[in-house]
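Biologist: Could you take a close look at the largest cavity for me? I am new to this, so please explain the terms as you go.

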Amino acid sequence: MRGPVRGPVRGTVRGAIGVRIAACLLGAGCVVWATVPQVHKGAADFALFLAIVGVAAGALRLALTAVPVPEDSYLLPAALRGWLSFLAILRMVPWEEGALLAVLWLEVLHPSRPRHTAVLGAALIAYLLAVHLAESGASPRALRPQVRVLAAGAALLALGAGAGMLPAAGPGAGSALLRLVAAGALIAAAGLVLPYVARGDAPPPPPA
């Protein structure tokens with residue numbers, strides 16, 4: 001008979017659950033932030049549908065991460081094989097990346113609003129980082145080696161938003177230059193941060 005769960009193990013479990021909840025809340029917040037005010041043009045409703053499906057499916061995948069999958073399912077009942085196939089599809093599809101593209105699509109459909117877009121960009125990066133931590137089981141302290149890179153990305157994101165908020169004299173070269181600076185800063189910020197999410201550099205959690 002097993003004894004009671006020790007403090008460090010219990011704290012690790014609570015931390016993992018907290019990171020998963022944070023990832024789900026960040027994803028939902030990004031969808032709401034990109035939707036308000038709601039637009040009725042183009043394929044906004046379809047983009048909203050894709051964003052909701054991506055965030056919801058990603059949250060379900062994180063909730064079912066610990067569910068074991070047998071190596072051989074040939075002799076299992078049909079219902080159980082169907083469940084395992086569902087789990088395989090749920091874990092194979094990049095739901096968060098799809099939700100990210102749908103949310104950005106929603107944001108593009110809105111009129112120009114640099115400050116709103118900057119907040120959304122920061123929230124999307126936080127969402128991807130939280131998903132990465134939840135998948136790897138690492139604690140937020142694992143991101144300490146990347147603090148400088150994250151700070152540089154945040155500074156470039158703020159620079160892009162600031163450049164987009166500067167008034168332009170007209171639709172001439174000055175306006176085009178400001179838009180080019182804003183777009184370049186946003187792309188550079190994403191390029192600095194996202195490779196650390198995709199590569200999975202975070203170390204595994206300490207043994208219990």
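To set the scene, what percentage of the contacts in the protein chain with a separation of 6 or more comes from residues 24 or more positions apart?

Modeller: Happy to help! This is a predicted model, where local features need pLDDT of at least 70, side-chain atom pairs count only at pLDDT 80 or more, and totals for chains, interfaces and linings use all residues. Residues are numbered from 1 along each chain as its sequence is written, and side-chain values use heavy atoms, leaving out hydrogens and water.

Now your question: residues 24 or more positions apart supply 76% of those contacts, a contact being heavy atoms within 4.5 Å. The protein chain has 7 helices and 0 strands; these are DSSP runs, with at least four residues of H or I for a helix and at least two of E for a strand. Of its 208 residues, 31% are buried, meaning under 20% relative accessible area with a 1.4 Å probe, protein chains only.

On to the cavity, a set of points on a 1 Å grid over the protein atoms alone where a 1.4 Å probe fits but cannot get out. There are 2 cavities of 30 Å³ or more, and the largest has a volume of about 40 Å³, the space filled by probe spheres set on its points. Its lining residues, each with an atom within 4 Å of a point, are Thr 35, Gln 38, Val 39, Ala 44, Asp 45, Leu 48 and Leu 106. Helix α2 (residues 44-63) gives the largest share of this lining, 3 residues. By type, the lining has 4 nonpolar, 2 polar and 1 charged.

Terms used:
On a 1 Å grid over the protein atoms alone, a cavity is a set of points where a 1.4 Å probe fits but cannot get out, and a pocket is an open set with protein on both sides within 12 Å along at least five of seven lines; lining residues have an atom within 4 Å of a point. Ala, Val, Leu, Ile, Met, Phe, Trp, Tyr, Cys and Pro count as nonpolar, Asp, Glu, Lys and Arg as charged, and the others, Gly among them, as polar. Buried means under 20% relative accessible area, exposed over 50%, partly exposed in between (1.4 Å probe, protein chains only).
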